[in-house]
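Student: I am new to this structure and would like to go through it slowly, one question at a time. Could we look at it together?

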Amino acid sequence: MEKRTQDYTKEILEVIRSNISPAVLSKRLQDFHENDLAEVLRELSTAERSRLYRILESGMLADVFEYLEEEETVQYLEEMDVKKAAAILSKMETDALADVLKQIDKEKRKLLIQLLDEQVRKDIEMIRSFDE
């Protein structure tokens, strides 16, 4: 028996591209799985993604980003304010965060690590010590 999965791409795109308020948009997007939202990010323009970065909470964006390849996550993090990027990274699983940080250029990586939540920064520094 073939497993059927529903493709929510069209529905999510309609919600994002509608003229609903940011609060309503955020609430509506919470109804979708993070993997479905990750798939849709690829279909959006930079301006549309930027709107989502402003509207969605860092924790939700972190969950979405964990379904992306590290290179995609880095690309999307480059599109946003460094403080928002650090807030998202602080909410990611430590192993995924470490993998993403390895893809970011050294100067920006140092800045992002400085901006991470204290406990997350300690965890990352411990992981990095094993890599050396």
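**Questions on the fold and its buried residues**

Tutor: Leucine 112 touches Val82, Ala85, Ala86, Leu89 and Ile104, leaving out residues up to four places away in sequence. Please keep in mind throughout that this is a predicted model.

Student: In which helix is leucine 112 found, and is leucine 112 buried or exposed?

Tutor: Leucine 112 is found in helix 9. Buried means under 20% relative accessible area. Because leucine 112 has a relative accessibility of 2%, it counts as buried.

Student: How far apart in space are leucine 112 and serine 90, C-alpha to C-alpha?

Tutor: Along the sequence, leucine 112 and serine 90 are 22 residues apart. In space, the distance between them, taken from C-alpha to C-alpha, is 9.5 Å.

Student: Which residues of helix 9 are buried, and which are exposed on the other side?

Tutor: Helix 9, which spans residues 106-115, has Lys108, Arg109, Leu112 and Ile113 as its buried residues. They cover an arc of only 135° around the axis, and therefore they lie on the same side of helix 9. On the other side of helix 9, the exposed residues are Glu107 and Gln114.

Student: Leucine 111 also lies in helix 9, so what is its relative accessible area?

Tutor: Leucine 111, a residue of helix 9, is neither under the 20% that counts as buried nor over the 50% that counts as exposed, so it is classed as partly exposed. Its relative accessible area is 37%.

Student: What separates the C-alpha atoms of leucine 111 and aspartate 63 in space?

Tutor: Leucine 111 and aspartate 63 stand 48 residues apart along the chain. Their C-alpha atoms are separated by 22 Å.

Student: Stepping back to the whole chain, how many helices and how many strands are there?

Tutor: Read from the N terminus on, the elements of the protein chain run α-α-α-α-α-α-α-α-α-α. The count for the protein chain is therefore ten helices and zero strands.

Student: What share of the residues of the protein chain counts as buried?

Tutor: The C-alpha atoms of the protein chain fill a box of roughly 45 × 40 × 20 Å, taken along the principal axes, and the accessible surface comes to about 8300 Å², of which 45% belongs to carbon and sulfur atoms. Of the 132 residues of the protein chain, the share that counts as buried is 40%.

Student: Which residues touch the most other members of the largest nonpolar core?

Tutor: The largest nonpolar core has 42 residues. Those that touch the most other members are Leu29, Phe65 and Leu89.

Student: With which residues is leucine 29 in contact, and which residues of its helix, helix 2, are buried?

Tutor: Leaving aside neighbours within four places in sequence, leucine 29 is in contact with Ile12, Val15, Ile16, Leu37, Leu52, Leu56 and Met60. In helix 2, the buried residues are Leu25, Ser26 and Leu29. Because they cover an arc of only 100° around the axis, they are on the same side of helix 2, namely Leu25, Ser26 and Leu29.

Student: Which helices are included in what covers the buried residues of helix 2?

Tutor: The face of helix 2 turned away from its buried side carries the exposed residues Ala23 and Lys27. The cover over the buried residues of helix 2 includes helix 1, helix 3, helix 4 and helix 5.

Student: Where is the place of leucine 56, and with which residues is leucine 56 in contact?

Tutor: Leucine 56 has its place in the loop between helix 4 and helix 5, and because its relative accessibility is 4%, it counts as buried. Setting aside neighbours within four places in sequence, its contacts are Ser26, Leu29, Leu61 and Lys84.

Student: Is arginine 49 buried or exposed, and with which residues is it in contact?

Tutor: Arginine 49 lies in helix 4, residues 46-55, and because its relative accessibility is 5%, it counts as buried. Apart from neighbours within four places in sequence, arginine 49 is in contact with Leu41, Leu44, Gln75, Tyr76 and Glu79.

Methods
Residues numbered from 1 in each chain as written. Predicted model: local features only at pLDDT ≥ 70, side-chain atom pairs only at ≥ 80, totals over all residues. Heavy atoms only, no water. Core = buried A, V, L, I, M, F, W, Y, C linked by side-chain atoms within 4.5 Å. Buried < 20%, exposed > 50% of the residue type's maximum accessible area, 1.4 Å probe, protein only. Contact = heavy atoms within 4.5 Å. Helix = DSSP H or I, 4+ residues; strand = E, 2+ residues; numbered from the N terminus. Arc of directions from axis to C-beta. Areas by Shrake-Rupley, 256 points an atom, 1.4 Å probe, with all protein chains shown as cover.
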